[in-house]
Structure formats: C-alpha cells, structure tokens
Amino acid sequence: MKIAETFSDLSKHRLALSGEAALIPTMGALHEGHLALIRLAKSHAKHTIVSIFVNPTQFGPNEDFESYPRSRTKDLMQLEKVGVDIVFFPTTQEVYPNGIHEATRIYVPTIGHLYCGKSRPTFFEGVCSIVLRLFLITKPTHAVFGEKDFQQVTIIKKMITDLYLNIKIIQAPIVREDDGLAMSSRNQYLSEAERQLATEIYKALIKLQKTPQNSNIAAAIQKEVCELERNGIRVDYLSLVEEGSLRKITKPTPNSRVLFAGYIGKTRLIDNMPLTQTD
Ligand code: AMP
C-alpha cells in the first residue's frame, strides 16, 4: 500500500497502476461504512485509491471542521487490512496552494441548494470542489460514493455529466449499526443517551417505508417530524423526493426516497431510505 501526501507522489504511484482504478474519497475516521465502499470498489476495478482529507471548504464557519475526528494511524491500519493500492493523505496547503478563499470552486445549481444545501449553503460547492480536484489528479475509471449521503452522490453524478468526465459512479448502500443507526464518523460525538435517541431516526424512516400504499404520505411525514421533535431531535428536513431530480413529491413513485437531516444536541445526522410504490 503506497501512501502519498503530495499530488506529485500520488501521480507517480497512479502511473504505476495499469488498468481500472476506483477512487473512494473520504474524510477519514474510517468505519465499516467506508470499508464496505472499498470492498465494493474492489469488485468493480483492479485497483483502489482511497483519499483521506477533512476538506475545509465544505465546512461552514460555525461547523465542526476543527473537532472533526481524525485517526490517521487507525485508518491506515484498517486500509492495510482491507487492501488498497494507494492512500492519498494530502495537506490543506497541497490541495489549496493559494489558500481556501482563493481556490477555484465548482458550483452545481438547483440541487446543490436544496435540503443540506439550504442549511449548509457552501457545503456542496466545497464537496464538488474537492471531488473534482481528486478526480483530476487520480484519474480514476470508477468512483464509489455511499447512499448515506444521497444528495451528495446525486450532485456528483450531475457534475460528472455536465463536465463530460469519463468516470463510472458506483453507489454503495447504507451500512448501519445493529440497531439501525447509519454509521457515521460523527456518531462519535454522541453521548450514550444521544446515541440511544439516534435510533429514533431509523425507526421513523422504517415507519414511513411501511406506510400503506395510497395513504397520505405528507401527513405521515409530518407525524414523524412531530414525534422526532418530541423526543428531542431537531429536524432540519424530512422530505419525500424523486431520485435523480431530488424534486420534492407528495406521493411515492417507483424511484422515490425519503431524506432526513437533523440535530441531536450539536451533532448533525443525516439518513435516508427508499420509499417506493410500484403500481
Ligand atoms: P465521509 O468520510 O463521511 O465523507 O464519507 C466518505 C464516503 O463514505 C461517502 O461517499 C459516504 O457516503 C460514504 N459513507 C459514509 N458512511 C457510510 C455508511 N454508513 N454507509 C455507506 N456509505 C457511507
């Protein structure tokens, strides 16, 4: 496993790989959700490249950039075990040599400003700006993103199409804890009581998924919002959307999904679940 900290080292190691290579961008503090992405990548491409970079441009001024968990040694051990070809661990200076305020940004309109983009106005601009840089330097044939961040993978796909990038995007299903909570590096912030409360998110999504066909889904969603809030979860949004466009809809379709974001204390958690209707 090669470890690169600079773009020039990365390019050198990348050139030495022949054939298909899948990129898995991460912010580190790796957990089973990330490892599942890597395993999936290995089933699609001969080589795998994992990037670990806590990207400052996707954090708002009052967000958790400084406190975001960083665990380089443990991450490297896990990557060694799962087996990847290259780990890219750049510094902020390497990624943004002119400083983060002068860095060229990538902006995806409309879907970049819905849901998480509404509460975190520069978030997806930051995400796309780093992901495009990683694509350009690692030149992957494939890239794997988790459905945990459903809006993110949708926006990346749009960017790929708009910029004629020849990269196949693979969507990986959400990996959950035994009690249903979607794995996330941010789950480490939760106290024991908060961690317990967090399972209510999964329960709400499951209840919505099991809502009988032809019943009033808008009312069912509103009921779950009230229930979550009553339990102490501050709901940012709980919305039924059409996959692809992320347009808000009022009735399930064959390709619809319910998206959630909210706060437990100061911790922002997101999750989603398919909510489809076939007839
Ligand atoms: P992050 O390190 O949180 O930026 O995530 C890096 C990648 O891992 C993104 O594509 C995420 O969607 C994906 N990911 C994170 N958590 C999970 C999970 N529980 N299940 C599936 N994919 C995940």
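Colleague: In this predicted model, what makes the pair between D149 and the ligand a polar contact?

Modeller: A polar side-chain atom of D149 lies 2.6 Å from an oxygen atom of the ligand. The cut-off for a pair of N or O atoms is 3.5 Å, so the D149 pair counts as a polar contact.

Colleague: Which atoms of G146 and M183 are paired with the ligand?

Modeller: For G146, a backbone N or O atom is 2.9 Å from an oxygen atom of the ligand. For M183, a polar backbone atom is 2.8 Å from a nitrogen atom of the ligand. Of the ligand's 480 Å² of accessible area on its own, the protein covers 93%.

Colleague: How many residues surround the ligand?

Modeller: There are 17, and the closest are H34, G146, D149, V175 and M183.

Colleague: Where does the ligand sit, and what makes that space a cavity?

Modeller: The ligand sits in the largest cavity. A space is called a cavity because a 1.4 Å probe fits there but cannot get out, with the protein atoms alone considered. The largest cavity holds about 910 Å³. It is lined by 50 residues, and those closest to its centre are H34, K148, D149, Q152 and I270. Two cavities of 30 Å³ or more are counted.

Colleague: Why is the largest pocket said to lie between domain 1 and domain 2?

Modeller: Domain 1 (2–172) and domain 2 (185–274) both contribute residues to the lining, so the largest pocket lies between them. The lining consists of N62, E63, D64, R120, R186, Y189, Y263, K266, T267 and R268. The volume of the largest pocket is about 260 Å³.

Colleague: How many residues of that lining are nonpolar, polar and charged?

Modeller: Two are nonpolar, two are polar and six are charged. Tyr counts as nonpolar here, so Y189 and Y263 fall in the nonpolar group.

Methods: Residues are numbered from 1 along each chain as its sequence is written. This is a predicted model: local features need pLDDT of at least 70, side-chain atom pairs count only at pLDDT 80 or more; totals for chains, interfaces and linings use all residues. Side-chain values use heavy atoms; hydrogens and water are left out. On a 1 Å grid over the protein atoms alone, a cavity is a set of points where a 1.4 Å probe fits but cannot get out, and a pocket is an open set with protein on both sides within 12 Å along at least five of seven lines; lining residues have an atom within 4 Å of a point. Grid points are joined across faces, edges and corners, and a volume is the space filled by probe spheres set on the points. Domain bounds come from an automatic or database domain assignment. A residue is near a molecule or strand if one of its heavy atoms lies within 4 Å of it. A polar contact is a pair of N or O atoms within 3.5 Å; within protein, one must be able to donate a hydrogen and the other to accept it, and residues adjacent in sequence count only if both atoms are side-chain atoms. Accessible areas come from the Shrake-Rupley method with a 1.4 Å probe; for residues, only the protein chains shown count as cover. A molecule sits in a cavity or pocket if more than half of its atoms lie within 2 Å of its grid points.
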